[in-house]
Amino acid sequence: MTRQLMVGIDKVCRSAYSYASAIRTPSVGIMISKDDCIQKYNEYKKQHEVIPKKKDFFKFAGIHERQLVGLYGRDAYTKLQEECGDEANKLNLEKTPTEKIMRQYGDLALELEELPNSSDWIERHFKPSISGLERRPHFIKWSEFPSKFTEWIQNNQVKGYEKVLGYINESSAKSKVKAEKRDREFEKLISNIRSWSPGRRRNSEGEYKIELRRHLESLGYTVNEEFGESNFDLLINKRHAVEIKKDPQLSEYDRLFGQLARHLQHQLRVIALILDAPSEDKFSNFTSLVDTYLCKDEKIVEVIKK
DNA sequence: CTATATGATGAACGAGAAAG
DNA sequence: CTTTCTCGTTCATCATATAG
């Protein structure tokens, strides 16, 4: 029954359709030509003294987009604009080839005789701009430019930028030295804390904190307490965070885990110092959690137990 | 409504330099 | 040595014209 109904509706639609298309046949005269479109286009320009946007053109000319497509095929409006001697409104969406970007960078470095910074790029109005570079489809953050450049040179065996590679090596060597210095400082701090032992058993975390602080200060560290948004227990040399827990239960380990994660957002390296740990079980469980989930890439959490 | 390649701009951030 | 200033970098947001 429903089926019959559908067929009936279908029939009605079909007949309506054929009626409509009959009206629109060329013989009736609604068909428009390219010349009509061009004329309307120019008319719009005269009236508004602006090149029409696509939508505005259709509204103005009283034409349906389909009709224009019928005349010009794909990119119809763009073709019309070109035919009228205008540059198409359509955005030029050709992506800047990697080669061009890299050569701009390399040549700029050669000219400056050092690695360019983003201001240099802006000054020359290179394309894409900094904001275009860092996103799709290029994904080149300025700081990553040197490494991407090196990669490009290697992959394509490009010659002529040896000097630039030299600059890149120089600067990465410099930052390596700094990183190593920081590493060594951190290692030393760890060993200093490891070799420290509290004078006596204390009743609270706070007392241990004070004692450790005195100890570290006597070794020449700069120590700040309860520092910054993330509230470390101690911040050593403005770089390394220390979190202290005394006699933690499971729930306190959990809390500590969260605190460490938060600290890692601010510092690359964090020390968790656990005092008077009662249960070896919970402790080792905690350290394995930390190793699995917190120590990633550059981020390091060192857990010390006393 | 979404995708496209890109631009503009201002806020947030971080490091280093200058000034105190 | 500490506070303040400056510069470079990154992020988020808005915008664009058109096709599908």
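Buried here means under 20% relative accessible area, and by that cut-off 32% of the 306 residues of chain A count as buried. Keep in mind that this is a predicted model. Besides chain A, there's DNA strand B to look at, with 13 residues surrounding the strand.

**Chain A overall**
- On secondary structure, chain A comes to 13 helices and five strands.
- Take the contacts in chain A with a separation of 6 or more: 56% of them are between residues 24 or more positions apart.
- As for surface, about 20,300 Å² of chain A is exposed, and 50% of that is supplied by carbon and sulfur atoms.

**Who sits around the DNA**
- Of the 13 residues that surround DNA strand B, the closest are T96, S129, R136, H138 and K178.
- Sorted by class, the surface near DNA strand B splits into six charged, four polar and three nonpolar residues.
- From the DNA side, 53% of the strand B atoms within 4 Å of the protein belong to sugar or phosphate, and bases supply the rest.

**Polar contacts to DNA strand B**
- T96 goes for the backbone: one of its polar side-chain atoms lies 2.6 Å from a phosphate oxygen of DNA strand B.
- R136 also has a phosphate partner, with an N or O atom of its side chain 2.7 Å from a phosphate oxygen of DNA strand B.
- R135 reaches a base instead, and here a polar side-chain atom lies 2.9 Å from a base nitrogen of DNA strand B.

Terms used:
Residues numbered from 1 in each chain as written. Chains lettered and ligands numbered in written order. Predicted model: local features only at pLDDT ≥ 70, side-chain atom pairs only at ≥ 80, totals over all residues. Heavy atoms only, no water. Near = heavy atom within 4 Å. Polar contact = N/O pair within 3.5 Å; in protein donor to acceptor, adjacent residues only side chain to side chain. Nonpolar A, V, L, I, M, F, W, Y, C, P; charged D, E, K, R; others polar. Helix = DSSP H or I, 4+ residues; strand = E, 2+ residues; numbered from the N terminus. Buried < 20%, exposed > 50% of the residue type's maximum accessible area, 1.4 Å probe, protein only. Contact = heavy atoms within 4.5 Å. Areas by Shrake-Rupley, 256 points an atom, 1.4 Å probe, with all protein chains shown as cover.
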